[in-house]
Amino acid sequence: MGSPISEMIYKSTGIDLIYIIGGLGVLTILCMILTITALCKLKKVRKKYELFTRGKDAESLEDTIMLYLDKMDEFDKLLTMARDDIVNLRKNQKMCFQKLGIVKYDALFDLSGQLSCAIAVLDQMEDGFILNTVYSRDASYAYVKEIRGGISEIELSREEEQALEQAKNKA
């Protein structure tokens, strides 16, 4: 049958020696695969390390690291400045004209072509103005009315009201 050692192992463990040898073979192959994978990764890290330290001793490497840290500080300052600029732009945007309403109409009954118009221009706080141009055959006229909080202190014409409502409804 088998050797006395294999019989002794079988009696003490209940497992045939062939299975134990096969399991150890599989573990050996698995260890070899893991070792090869680790060596490949180590090779990549070594290449990166050599690229990083190429032509440098410990002192110049420290200088390089300090240079990069200084650059990071500069980028941090620039980032802070950019954030402050964005905050200021958002504040200024509230005061910029953002909403527009236009209504074209015929000012006089004997004219056609809608050559007159009312233009409402508002900022985010609904402050702005209404420009009304009236066209006639003899002359053209322009009127400006101030708007504060979406309201005019001067009475508005129907067309000016429509232009103002159009502007207010713009997001």
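Helices and strands here are DSSP runs, numbered from the N terminus.

**Figure 1. The whole chain, element by element.** What you're looking at is a predicted model. Walk along the sequence and you meet the pattern α-α-α-β-β-β-β-β-α. That makes four helices and five strands. The radius of gyration of the chain is 42 Å, well over the 16 Å that the globule rule gives for 171 residues, so the chain is more spread out than a compact globule. Along its principal axes, the C-alpha trace spans about 125 × 55 × 30 Å.

**Figure 2. Two rings that meet.** Here's the one aromatic pair in the structure. Its partners are F97 and F129, arranged edge-to-face, with 5.5 Å centre to centre and 85 degrees between the planes. F97 sits in the loop between α3 (58–93) and β1 (99–105), while F129 belongs to strand β3 (residues 128–135), so the pair ties together parts that are 32 residues apart in sequence. Is F129 buried or partly exposed? With a relative accessible area of 26%, F129 counts as partly exposed, because buried means under 20%.

**Figure 3. Inside, outside and who touches whom.** Of the 171 residues in the chain, 19% are buried. The accessible surface of the chain comes to about 13900 Å², and carbon and sulfur atoms hold 62% of that. Now for contacts with a separation of 6 or more: residues 24 or more positions apart account for 40% of them.

**Figure 4. Where the charges go.** Count the charged side chains and you get 23 positive and 26 negative. How far apart do the centres of the two sets lie? The distance between those centres is 10 Å.

Conventions
Residues are numbered from 1 along each chain as its sequence is written. This is a predicted model: local features need pLDDT of at least 70, side-chain atom pairs count only at pLDDT 80 or more; totals for chains, interfaces and linings use all residues. Side-chain values use heavy atoms; hydrogens and water are left out. Rings of Phe, Tyr and Trp (its six-membered ring) pair if their centres lie within 6.5 Å; planes under 30 degrees apart count as stacked, over 60 as edge-to-face and the rest as tilted. Helices (H or I, at least four residues) and strands (E, at least two) are DSSP runs, numbered from the N terminus. Buried means under 20% relative accessible area, exposed over 50%, partly exposed in between (1.4 Å probe, protein chains only). The radius of gyration is taken over C-alpha atoms; the globule rule is 2.2 Å times the number of residues to the power 0.38. Contact means heavy atoms within 4.5 Å. Accessible areas come from the Shrake-Rupley method with a 1.4 Å probe; for residues, only the protein chains shown count as cover. Lys and Arg count as positive and Asp and Glu as negative; His and the chain ends are not counted. The place of a charge is taken as NZ of Lys, CZ of Arg, CG of Asp or CD of Glu.
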